[in-house]
Amino acid sequence: MSWSLLCVALYLSWCCGAVAATLETRYYDVQLYPEFDMYTAIERLRDVPVARYELLNETPQGPRDIFAGMLDAVYLHACETLDIHMTSFRIRLEVLPDAAAVGQAVERFLGFVRQTPSFYHRDTNTIYISGADLRSGILAHETGHAVINHYFVVPPPEKMQEVLCGYVEYSLMRDSVKE
Ligand SMILES: [Zn+2]
């Protein structure tokens with residue numbers, strides 16, 4: 001999908017009403033905080049190489065479709081990079097307002113304070129991510145953790161996961177759409 005087509009779809013959809021707080025994509029069950037601005041998020045994720053994945057080439061009907069397509073493209077990219085293919089796997093994705101809110105999730109699950117823009121919690125298969133810091137590379141990194149943790153019966157050690165997920169993040173940025 002070209003950026004101009006995307007802009008037209010955004011413009012048309014702007015008049016068509018509110019955005020709900022939940023979204024089901026092909027691979028993510030998404031929870032959005034109430035003030036989440038989908039238009040800003042789409043702008044921030046515009047480097048995601050959506051067109052590369054033919055499954056996502058349907059004409060988008062509005063911002064929810066565009067946003068969903070971008071998320072699913074990140075998932076497919078992570079799987080492709082890791083050479084791990086799980087077509088029926090789903091990930092919970094909670095978009096929180098900022099890194100402080102993500103830090104609270106860390107504290108709730110891990111028992112220590114750490115301010116971070118994103119975090120994957122294996123037991124609930126949930127990515128927590130700061131809407132203020134939402135970037136394709138961060139989402140790709142955390143998606144890598146989700147995929148690795150559910151593919152291997154015994155997940156690789158944390159340091160090895162960081163290397164692999166760092167590579168997923170790097171490779172998406174390398175292949176990203178540049179204008
Ligand atoms: Zn990591």
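What covers the buried residues of α5? In this predicted model, the cover includes α3 (63–82), β3 (91–96), β4 (118–121), β5 (126–130) and α6 (158–175). That makes α5 a handy place to begin a walk through the fold, so let us set the scene and then come back to it.

The protein has six helices and five strands. Read from the N terminus, its elements follow the order α-β-β-α-α-β-α-β-β-α-α. Of its 179 residues, 34% are buried. Among contacts with a separation of 6 or more, 65% join residues that sit 24 or more positions apart.

Now for helix α5 itself. This helix covers residues 136–151, and at 1.5 Å a residue its 16 residues should span 22 Å; the C-alpha atoms at its two ends are indeed 22 Å apart, so expectation and model agree. Its buried residues are Ser-136, Leu-139, Ala-140, His-141, Glu-142, Thr-143, Gly-144, His-145, Ala-146, Val-147 and Ile-148.

Leu-139 is a good residue to click on within α5. Why does Leu-139 count as buried? Because 26 C-beta neighbours lie inside 10 Å, and 20 or more are enough for a residue to be called buried. Leaving aside residues up to four places away in sequence, Leu-139 touches Val-74 and Ile-129. Leu-139 also lies 9.5 Å from Leu-93, C-alpha to C-alpha, although 46 residues separate the two in sequence.

Next come the helix pairs. Two packed helices are described by the angle between their axes and the distance between the axes. Take α3 and α5: these helices pack at an angle of about 60 degrees, with their axes 9 Å apart. The pair is therefore oblique, and α3 passes α5 in a right-handed crossing. On the α3 side the contact uses Val-74, Tyr-75, His-77, Ala-78, Cys-79 and Leu-82, which meet Ser-136, Leu-139, Ala-140, Thr-143, Gly-144, Val-147 and Ile-148 of α5. By class, this contact holds nine nonpolar residues, four polar and no charged.

The other partner to look at is α6. Here α5 and α6 pack at about 140 degrees, and their axes are 8 Å apart. This angle makes α5 oblique to α6, because only angles over 145 degrees count as roughly antiparallel. The crossing of α5 and α6 is right-handed. From α5, the residues in contact are Ser-136, Gly-137, Ala-140, His-141, Gly-144, His-145 and Ile-148, and from α6 they are Gln-161, Leu-164, Cys-165, Gly-166, Val-168, Glu-169, Leu-172 and Met-173. The classes here are seven nonpolar, seven polar and one charged.

With α3 and α6 each packed against α5, how do α3 and α6 meet each other? Val-74, His-77, Ala-78, Thr-81 and Leu-82 of α3 meet Leu-164, Tyr-167, Val-168, Ser-171 and Leu-172 of α6. Seven of the residues in this contact are nonpolar, three are polar and none is charged. The two axes come within 10 Å and cross at roughly 120 degrees, so α3 and α6 are oblique to each other. Once more the crossing is right-handed, with α3 passing α6.

Staying in α6, find Tyr-170. Tyr-170 has 14 other C-beta atoms within 10 Å and is therefore partly exposed. Its C-alpha atom lies 9.8 Å from that of Ile-138, though the two are 32 residues apart in sequence.

Helix α4 deserves a stop too. Its twelve residues, 99–110, should span 16 Å at 1.5 Å a residue, and its end C-alpha atoms are 16 Å apart, in agreement. After α4 comes Gly-111, with a positive phi near 80 degrees.

That leads to two backbone details in the loops. Most residues other than glycine have a negative phi. Asp-83, in the loop between α3 and β3, has a positive phi near 55 degrees. Is Asp-83 buried or exposed? With 6 other C-beta atoms within 10 Å, Asp-83 is exposed. In the loop between β4 and β5 sits Asn-125, which has a positive phi of about 50 degrees without being a glycine. Asn-125 has 16 other C-beta atoms within 10 Å, so this residue is partly exposed.

Notes. Residues numbered from 1 in each chain as written. Predicted model: local features only at pLDDT ≥ 70, side-chain atom pairs only at ≥ 80, totals over all residues. Helix = DSSP H or I, 4+ residues; strand = E, 2+ residues; numbered from the N terminus. Expected span 1.5 Å × (residues − 1). Buried ≥ 20, exposed ≤ 12 C-beta atoms within 10 Å, placed from the backbone. Contact = placed C-beta atoms within 7 Å. Axes fitted to C-alpha atoms, helices over the stretch in contact; angles between N-to-C directions. Parallel < 35°, antiparallel > 145°, perpendicular 65-115°, else oblique. Left-handed = near helix turned anticlockwise from the far one by under 90°. Nonpolar A, V, L, I, M, F, W, Y, C, P; charged D, E, K, R; others polar.
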